[in-house]
Structure formats: C-alpha cells, structure tokens
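Student: Could you walk me through the sheet in this one, strand by strand?

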Amino acid sequence: MNSRSAFTLVELAIVLTVIGLLIGGIMAGRALLSNAGTSAVISDIEKYSSAVNGFFTKYEVLPGDMKNATDYWGTDSNGCPTSAVYTPRTDTCNGDGNGQLGNSNPELFHAWQHLANAGFVSGAFSGVTGADGATDASVGENVPPARVEGAGFAFAPYLGNGYAGDANRYAGDYGNATLVYGGEDGTNSLTNNVLTPPEAWNIDTKLDNGLPGSGRIMPFIGAGHTNCAASATAYNIDYDSAACALLVNITN
C-alpha cells in the first residue's frame with residue numbers, strides 16, 4: 001500500500017493561495033480599522049471647530065474666555081477661579097474676556113464646560129484642571145474623550161498667529177483657540193502619541209495641506225514625537241506605529 005509523504009505542487013499552490021488570502025484579509029481589516037479611526041478624528045475635529053465657532057457667533061466671545069458665563073449658568077459653589085472639585089457640573093467661572101483662550105481661571109477647561117452648558121457639545125465637565133497642574137487634561141472629566149482608548153481632545157494655551165515655534169511646536173498660525181488631539185501622558189497634558197504618521201498625514205491632507213510644518217493642522221515635535229515627521233514638509237509615512245499627536249487651529 002502506497003503512502004504519500006509530500007505535498008504535490010497543486011496542493012502547495014492551494015496552501016500558498018489560502019495563506020495569501022488570509023494575510024490579505026488581515027491587512028485589509030487593519031486598513032479598514034485605520035480608515036475608520038481617522039474618519040472619526042476628522043469628524044470630531046470638524047464637530048469641535050463648529051462648536052467653538054458657533055458659540056462665538058451666539059455669544060460673541062470664545063468659550064472659556066466668557067466674562068459673564070456665571071450670569072447664564074451660575075457660579076461654581078466650590079470657588080472660582082481655581083476650584084479643585086473634579087466632578088462634572090454646570091455651575092462655572094468667568095473668563096477674562098481678552099479674546100484669547102489661556103490658562104487663567106482656568107479657561108482651557110471652562111471652555112468645555114461652557115460649550116456643554118450652551119448645548120454645543122454633549123457631556124458634562126468639571127471645568128477645572130486635573131490634579132497634576134495647569135494643563136492637566138483628564139479624559140472624561142475635564143475634556144471629552146476620543147474614539148481611541150486613552151485619547152481625547154483638549155485646548156492648548158494661547159499661541160496665536162505668527163508663533164515663533166519652540167522645542168515642541170512648529171512656527172505657524174495657531175489662532176485664538178488651538179485644539180489638541182492626543183493621549184493622556186500621566187503628568188499634565190494630552191500629548192501622548194495616538195496616530196501613526198500615515199494616519200496623521202491622511203487627516204492633515206483631508207482637512208489641510210498635508211504638510212506637518214504649516215497650515216492649520218500640525219503635529220507636536222521634539223522629544224517623544226521624533227518619528228512623526230521626517231521634516232516640516234513630509235510626514236514619516238514609512239513609520240507604522242503611533243508617533244503623532246496633533247495641534248489644530250480652529251479659530252482665526
């Protein structure tokens with residue numbers, strides 16, 4: 001009785017074909033997930049940009065910078081401007097009304113509270129900094145979450161137009177309110193990388209000019225972000241791990 005001890009060429013071809021189909025399916029699945037993720041980020045950036053500009057149209061002031069916010073939503077019973085009670089609530093504090101979204105009061109986090117109170121975004125927010133300092137963004141507490149675990153959206157302290165740049169940011173125009181998309185870093189900001197360079201490039205291309213060092217969308221640079229952009233004119237699109245967090249000018 002004869003026994004077979006090896007695959008025929010036809011059988012090997014079938015096996016290789018099946019393996020190829022499996023690999024192709026996995027890669028296609030990863031691409032679909034990545035595309036869905038970037039689409040969600042794009043949708044949220046547009047949503048929050050519209051919310052801030054809609055708020056400005058209605059009240060003629062930026063959320064967070066509003067000098068008479070307590071006339072609408074009551075005064076924070078825990079004290080203004082530096083209450084350390086982290087539970088979400090509607091009673092709030094006033095901004096200084098200087099036309100810039102800055103650290104005072106702290107405007108960066110009252111902005112989300114004012115937007116929610118006015119019905120421009122969903123959710124409820126504490127309106128105060130987290131426990132780790134002036135720019136401590138705690139996802140789900142004082143800033144809204146993104147659709148990536150540990151990621152969220154915050155506001156950066158005022159940078160303005162014609163910003164000269166520094167170790168963490170390109171020179172450029174950041175407007176009066178700059179949206180940050182990133183992950184919690186465990187200390188005092190929302191700057192951890194959550195996007196791969198191809199994903200960041202995709203978002204930048206769809207909403208801006210596709211260049212990391214100019215326009216209304218720019219990534220953080222410097223320590224921890226060196227793999228995001230190869231230069232001011234090109235994302236490092238051959239790098240396929242999380243390396244980018246974004247800064248977005250949502251007001252002029």
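Tutor: We can go from the overall strand order to the inner strands and their partners, keeping in mind that this is a predicted model.

Student: Okay, what order do the strands of the open sheet come in?

Tutor: The open sheet has four strands in the order S1-S2-S6-S3, and their pairing is antiparallel. The edge strands are S1, residues 151-156, and S3, each of which pairs on one side only. On average, and ignoring direction, neighbouring strands of this sheet are turned by 25° against each other.

Student: Which helix packs on the sheet, and which strands does it touch?

Tutor: That is helix H3, residues 107-117, which touches S1 and S2, and whose direction makes about 110° with that of S1.

Student: Let's go to S2, then. Why is it described as largely enclosed?

Tutor: Six of the six residues of S2 are buried, so the strand is largely enclosed by the rest of the structure. Here buried means under 20% relative accessible area. Thr178, Val180 and Gly182 point one way from S2, while Leu179, Tyr181 and Gly183 point the other way, and all of them are buried.

Student: How many bridges hold S1 and S2 together?

Tutor: S1 and S2 pair over six bridges in the antiparallel sense, and one of the partnerships puts glycine 152 with glycine 182 in S2.

Student: And on the S6 side, how many bridges join S2 to S6?

Tutor: Strand S2, which covers residues 178-183, is joined to S6 by four bridges, and the two run antiparallel. Leucine 179 has valine 248 as its bridge partner in S6, valine 180 has leucine 247, and tyrosine 181 stands opposite leucine 246.

Student: Leucine 246 again, please: which proline is its bridge partner?

Tutor: That is proline 219, whose bridge partner in S6 is leucine 246. Strand S3, residues 217-219, is joined to S6 by three bridges, and these two strands also run antiparallel.

Student: Last one: are the residues on the two faces of S6 buried or exposed?

Tutor: Both faces of S6, residues 246-249, are covered, with Leu246 and Val248 buried on one side and Leu247 and Asn249 buried on the other.

Student: And what do strands of a sheet pair through, in general?

Tutor: They pair through backbone hydrogen bonds, either parallel or antiparallel. In this sheet the pairing is antiparallel.

Technical notes. Residues numbered from 1 in each chain as written. Predicted model: local features only at pLDDT ≥ 70, side-chain atom pairs only at ≥ 80, totals over all residues. Heavy atoms only, no water. Buried < 20%, exposed > 50% of the residue type's maximum accessible area, 1.4 Å probe, protein only. Pairing = 2+ DSSP bridges. Axes fitted to C-alpha atoms, helices over the stretch in contact; angles between N-to-C directions. Contact = heavy atoms within 4.5 Å.
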